[in-house]
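The following exercises concern a single protein chain. Please work through each task with the sequence and the structure at hand before reading the solution.

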Amino acid sequence: MPLKVLREPFDHPDWLFEIKYDGFRALAYIEHGSVRLVSRKGNVYKSFDTLCGKIAESVRVQNAILDGEIVHLDAAGKPLFYPLVRRRSPQQFVAFDVLWLNGRDLRKTPLSERKRHLRSVVPAGSATVLYADHIDANGTELFRAVCAQDLEGIVAKRRDGLYTPVETTWVKIKNPKYSQMDGRRELFERRRSVLA
């Protein structure tokens with residue numbers, strides 16, 4: 001599900017709002033006691049074997065597809081991007097949606113219901129798999145709090161939205177002063193030139 005960009009936060013009773021975690025977006029395919037983490041471009045992440053094993057141990061389902069973010073959190077729970085790029089441990093998976101659960105396709109189910117299903121499979125108190133909580137209606141207040149804590153931003157999603165990437169109902173509002181964006185473009189340009 002792609003994210004459209006919006007410049008300003010807003011409040012609306014038909015929307016819910018989540019913290020935007022700074023990491024690598026991934027779908028977690030859970031099946032037969034194993035997990036694959038797949039990028040937005042369809043590539044399997046090969047350097048998160050330990051995280052995959054811990055997700056498989058934590059999420060007790062027959063099969064599932066979770067949408068989320070691979071992150072590296074500090075002791076206060078703040079995402080740290082550069083340690084994640086360097087594959088520092090531990091890594092966590094923050095799940096914010098479920099597309100498939102125990103043989104059932106949930107993509108045509110409203111987001112509010114998918115979040116209830118997701119909450120039921122993400123184990124409480126897990127150090128590895130985290131549930132991306134949300135607040136209803138009040139995006140402006142959450143955005144102010146996120147900016148005050150120097151986090152990346154927020155994501156707004158329609159409560160009744162279906163998981164249809166062609167007609168996305170998700171928007172991101174980024175913190176314009178987010179400190180961990182400094183030097184990121186140069187980092188990825190260096191990586192591209194090394195790989196070229």
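**Exercise 1. The cavity**

Task: Determine how many cavities of 30 Å³ or more the predicted model contains, and describe the lining of the largest cavity.

Solution.
- Step 1. The count comes to one cavity of 30 Å³ or more.
- Step 2. The space in the largest cavity amounts to about 40 Å³.
- Step 3. Its lining is formed by Ile-19, Lys-20, Tyr-21, Asp-22, Lys-78, Pro-79, Asp-150, Leu-151, Glu-152, Tyr-178 and Gln-180.
- Step 4. Sorted by class, this lining of the largest cavity comprises five nonpolar, one polar and five charged residues.

**Exercise 2. The second largest pocket**

Task: State the volume of the second largest pocket, and identify which strand supplies the largest share of its lining.

Solution.
- Step 1. The second largest pocket holds about 150 Å³ of space.
- Step 2. Its lining residues are Met-1, Pro-2, Arg-25, Ala-26, Leu-27, Val-38, Ser-39, Arg-40, Asp-67 and Tyr-163.
- Step 3. Strand S3 (residues 24–31) contributes three residues, the largest share of this lining.
- Step 4. By class, the lining of the second largest pocket divides into six nonpolar, one polar and three charged residues.

**Exercise 3. The surroundings of Asp-97**

Task: Decide whether Asp-97 is buried or exposed, and establish which side chain makes a polar contact with the side chain of Asp-97.

Solution.
- Step 1. Asp-97 belongs to strand S6, which spans residues 92–101.
- Step 2. The relative accessible area of Asp-97 is 0%, so the residue is classed as buried, the cut-off being under 20%.
- Step 3. Beyond its neighbours within four places in sequence, Asp-97 is in contact with Ile-65, Leu-66, Asp-67, Leu-111, Arg-114, Leu-118, Tyr-163 and Trp-170.
- Step 4. Among these residues, Arg-114 has a side chain that makes a polar contact with the side chain of Asp-97, at 2.8 Å.
- Step 5. Leu-27 lies 70 residues from Asp-97 in sequence, and their C-alpha atoms are 9.5 Å apart in space.

**Exercise 4. The surroundings of Asp-160**

Task: Locate Asp-160 relative to the strands, and state its exposure class.

Solution.
- Step 1. Asp-160 sits in the loop between strand S10 (153–158) and strand S11 (170–174).
- Step 2. With a relative accessible area of 43%, Asp-160 is partly exposed, because this class lies between the buried limit of 20% and the exposed limit of 50%.
- Step 3. When residues up to four places away in sequence are not counted, Asp-160 touches Pro-110 and Leu-111.
- Step 4. The side chains of Asp-160 and Arg-158 make a polar contact of 2.9 Å.
- Step 5. The C-alpha atoms of Asp-160 and Asp-14 are separated by 7.5 Å, although these positions lie 146 residues apart along the chain.

**Exercise 5. Aromatic pairs**

Task: Count the aromatic pairs, and give the geometry of the pair formed by Tyr-163 and Trp-170.

Solution.
- Step 1. There are nine aromatic pairs.
- Step 2. Phe-10 and Phe-17 form an edge-to-face pair, 5.3 Å centre to centre with 70° between the planes. Phe-17 is buried at 0% relative accessibility.
- Step 3. Tyr-163 and Trp-170 also pair edge-to-face, at 5.8 Å centre to centre and 85° between the planes.
- Step 4. Tyr-163 counts as buried at 8% relative accessibility, and Trp-170 is buried at 1%.
- Step 5. One aromatic cluster consists of Phe-24, Tyr-45, Phe-48, Phe-81 and Tyr-82.

Note on methods:
Residues numbered from 1 in each chain as written. Predicted model: local features only at pLDDT ≥ 70, side-chain atom pairs only at ≥ 80, totals over all residues. Heavy atoms only, no water. Helix = DSSP H or I, 4+ residues; strand = E, 2+ residues; numbered from the N terminus. Buried < 20%, exposed > 50% of the residue type's maximum accessible area, 1.4 Å probe, protein only. Contact = heavy atoms within 4.5 Å. Polar contact = N/O pair within 3.5 Å; in protein donor to acceptor, adjacent residues only side chain to side chain. 1 Å grid on protein atoms, 1.4 Å probe; cavity = no way out; pocket = protein on both sides within 12 Å on 5 of 7 lines; lining within 4 Å. Points joined across faces, edges and corners; volume = space filled by probe spheres on them. Nonpolar A, V, L, I, M, F, W, Y, C, P; charged D, E, K, R; others polar. Phe/Tyr/Trp six-rings, centres within 6.5 Å; stacked < 30°, edge-to-face > 60°.
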